[in-house]
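I opened this model to look at two things: its pockets and one of its strands. My entries follow the structure.

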Amino acid sequence: MLTLGIDTSNYATSLAVFDTDAGEVVCDCKKFLPVKEGQLGLRQSDALFHHTAALPAMLVELGARADLTQVRAVGVSARPRPVEGSYMPCFLAGVSAATAFSLSRALPLIELTHQQGHIAAALYAAGDFTLFERESLVFHVSGGTTDLLLCHGAERITPLGTSSDLYAGQAVDRLGVKLGFPFPAGVYVSEQAALCKEKVHPKVSVHGLTCSLSGLENQCAKLLADGHDAPYVCKYCLLCVADTVVRMTKAAQKEYPGLAVVCAGGVMSSDIIRSWVQQRLPQVYFVPGQYSSDNAIGVSILAAREAG
């Protein structure tokens with residue numbers, strides 16, 4: 001059985017097809033939303049427009065790589081997170097496309113959330129399928145979240161910790177755009193950070209399961225003003241995020257010992273962050289960027305699990 005996943009986040013339009021018999025992703029495609037130079041993202045009305053414009057051609061592309069007539073269920077990210085009041089208009093584009101596709105073929109439509117998709121994609125890519133059947137700690141770090149979650153698979157999610165102000169992805173993107181890179185800027189910040197050979201000592205603000213990242217933006221601005229070059233400041237920024245992850249994870253492990261820890265979200269695709277975290281917490285799962293950044297893979301997997 002094939003399932004179709006659709007995700008229309010504030011960053012990218014994503015589609016994926018999952019084969020339940022083979023237990024693998026048949027294909028996926030993604031198109032980042034266009035953001036004008038110097039801007040930090042899009043207005044929701046603009047994001048909705050770009051998703052609506054992109055989806056028809058992307059479905060044609062997907063249909064050339066997979067037999068969509070064999071799809072037996074459709075999953076879609078209908079909102080950001082599985083909590084009351086979670087809503088962003090950009091997800092309406094995906095819901096509209098998924099509803100039209102499913103109704104035209106009398107297929108079940110499974111409404112999920114963007115965060116559940118991130119979690120499912122990371123659990124799948126970790127390569128241990130028992131993670132879907134047991135509790136784990138998932139750190140979801142992106143432009144809209146810095147959430148440490150207690151998860152049973154991707155269906156039952158309990159928030160444990162978060163940022164009290166700025167999200168990690170926001171800090172990274174603001175630095176990148178300040179340096180002249182396009183939004184989203186994470187990949188460019190990571191490339192710059194990799195050029196720095198100096199030793200960097202991150203200073204972070206973590207209290208138990210809560211962190212504060214608003215100071216990181218000011219610290220990066222001061223480092224630039226003091227004459228540090230872009231590679232140094234980018235490395236500092238990413239290592240602050242990494243050390244925040246380490247400290248919050250250690251705090252959670254005291255309360256929930258023995259649970260696997262999985263990292264999800266676009267920020268966690270950084271090699272700089274992965275290296276710092278795994279040097280201190282070797283058992284933490286990091287997954288390839290295809291599965292950690294915005295995608296529809298997790299949504300297609302969850303649709304397959306729910307459709308049976």
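These entries cover the pockets and then strand β2.

**Entry 1, source.** I am working from a predicted model.

**Entry 2, largest pocket.** I looked up the volume of the largest pocket and got about 1100 Å³. I then listed its lining, which has 41 residues. Closest to the centre I found Tyr11, Ser142, Gly143, Asp173 and Pro184. Elements giving two or more residues to this lining are α3 (114–125), α4 (168–178), α5 (186–194) and α8 (271–280). I sorted the lining by class: 16 nonpolar, 20 polar and 5 charged residues.

**Entry 3, second largest pocket.** I read a volume of about 170 Å³ here. Phe18, Thr20, Gly23, Tyr124, Phe129, Phe132, Glu133, Ile301, Ala304 and Arg305 line this pocket. Helix α10 (residues 297–307) contributes the most, with 3 residues. By class I noted 6 nonpolar, 2 polar and 2 charged.

**Entry 4, strand β2.** Phe18 from that lining sent me to β2 (residues 12–19), where 8 of 8 residues are buried. I checked both faces. Ala12, Ser14, Ala16 and Phe18 are buried on one side, and Thr13, Leu15, Val17 and Asp19 are buried on the other.

**Entry 5, partners of β2.** I found β1 (residues 2–8) antiparallel to β2, joined by 7 bridges. Isoleucine 6 is opposite leucine 15. The β1–β2 hairpin has 3 residues between its strands. I then turned to β3 (residues 24–32), which is also antiparallel to β2, with 8 bridges. There, alanine 16 is opposite aspartate 28.

**Entry 6, Gly23.** I met Gly23 in the lining of the second largest pocket. Glycine 23 also belongs to the β2–β3 hairpin, which has 4 residues between the strands, and takes a positive phi near 65 degrees.

Conventions:
Residues are numbered from 1 along each chain as its sequence is written. This is a predicted model: local features need pLDDT of at least 70, side-chain atom pairs count only at pLDDT 80 or more; totals for chains, interfaces and linings use all residues. Side-chain values use heavy atoms; hydrogens and water are left out. On a 1 Å grid over the protein atoms alone, a cavity is a set of points where a 1.4 Å probe fits but cannot get out, and a pocket is an open set with protein on both sides within 12 Å along at least five of seven lines; lining residues have an atom within 4 Å of a point. Grid points are joined across faces, edges and corners, and a volume is the space filled by probe spheres set on the points. Ala, Val, Leu, Ile, Met, Phe, Trp, Tyr, Cys and Pro count as nonpolar, Asp, Glu, Lys and Arg as charged, and the others, Gly among them, as polar. Buried means under 20% relative accessible area, exposed over 50%, partly exposed in between (1.4 Å probe, protein chains only). Two strands pair if DSSP finds at least two bridges between them.
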